[in-house]
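Biologist: I'm new to this one, so could you walk me through it? Let's put it up on the screen first.

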Amino acid sequence: VKKELLNRHLILHVVDALNLRAADIFGKSDPYAVVIWDGKELPNITGTTRTSVIEQELNPVWGDREDATFLIPPSTSKNPELR
């Protein structure tokens, strides 16, 4: 992450995921995404800490769903980590 970006609020939009592992006996998953910044789970713009669940999907697409947008505050760490 560039140093000048660390002092600003950023907007992160989760678009999709590819080739997730199957997590149930039917060979599918019910994935959702969370954003962890500086060791803390961040809320999305709807106030929850994860995207909506896309049921029975190994290649989920959140597209332009409102709950896939996260506001990332300026970092307080010398080595910020985004997961």
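Modeller: Sure, and one term before we start: a residue is called buried under 20% relative accessible area, and exposed over 50%. Keep in mind that this is a predicted model.

Biologist: Okay, is Thr69 buried or exposed?

Modeller: Thr69 is found in strand S4, which covers residues 69-72. The cut-off for buried is under 20% relative accessible area. Thr69 has 15%, so Thr69 counts as buried.

Biologist: Which residues is Thr69 in contact with, leaving aside its neighbours within four places in sequence?

Modeller: Contact here means heavy atoms within 4.5 Å. One of the partners, Ile11, lies in strand S1, residues 10-13. The full list for Thr69 is Ile11, Leu12, His13, Asn44 and Ile45.

Biologist: And Ile11, is that one buried or exposed?

Modeller: The cut-off for exposed is over 50%. Ile11 has 65% relative accessibility, so the label is exposed.

Biologist: Which residues form a nonpolar patch on the surface with Ile11?

Modeller: Patch members need over 30% relative accessible area, and Ile11 has 65%. Together the patch has about 310 Å² of accessible area, and Ile11 shares it with Ile45 and Leu71.

Biologist: Stepping back, what pattern does the protein chain follow along the sequence?

Modeller: The secondary structure comes to 0 helices and 4 strands. Read along the sequence, that gives β-β-β-β.

Biologist: Last one: what percentage of the protein chain's residues count as buried?

Modeller: The accessible surface of the protein chain comes to about 5900 Å². Of its 83 residues, the buried share is 29%.

Conventions. Residues numbered from 1 in each chain as written. Predicted model: local features only at pLDDT ≥ 70, side-chain atom pairs only at ≥ 80, totals over all residues. Heavy atoms only, no water. Patch = residues over 30% accessible without salt bridge, like charges linked within 9 Å, V, L, I, M, F, W, Y side chains within 5 Å. Areas by Shrake-Rupley, 256 points an atom, 1.4 Å probe, with all protein chains shown as cover. Salt bridge = Lys/Arg side-chain N within 4 Å of Asp/Glu carboxyl O. Helix = DSSP H or I, 4+ residues; strand = E, 2+ residues; numbered from the N terminus. Buried < 20%, exposed > 50% of the residue type's maximum accessible area, 1.4 Å probe, protein only.
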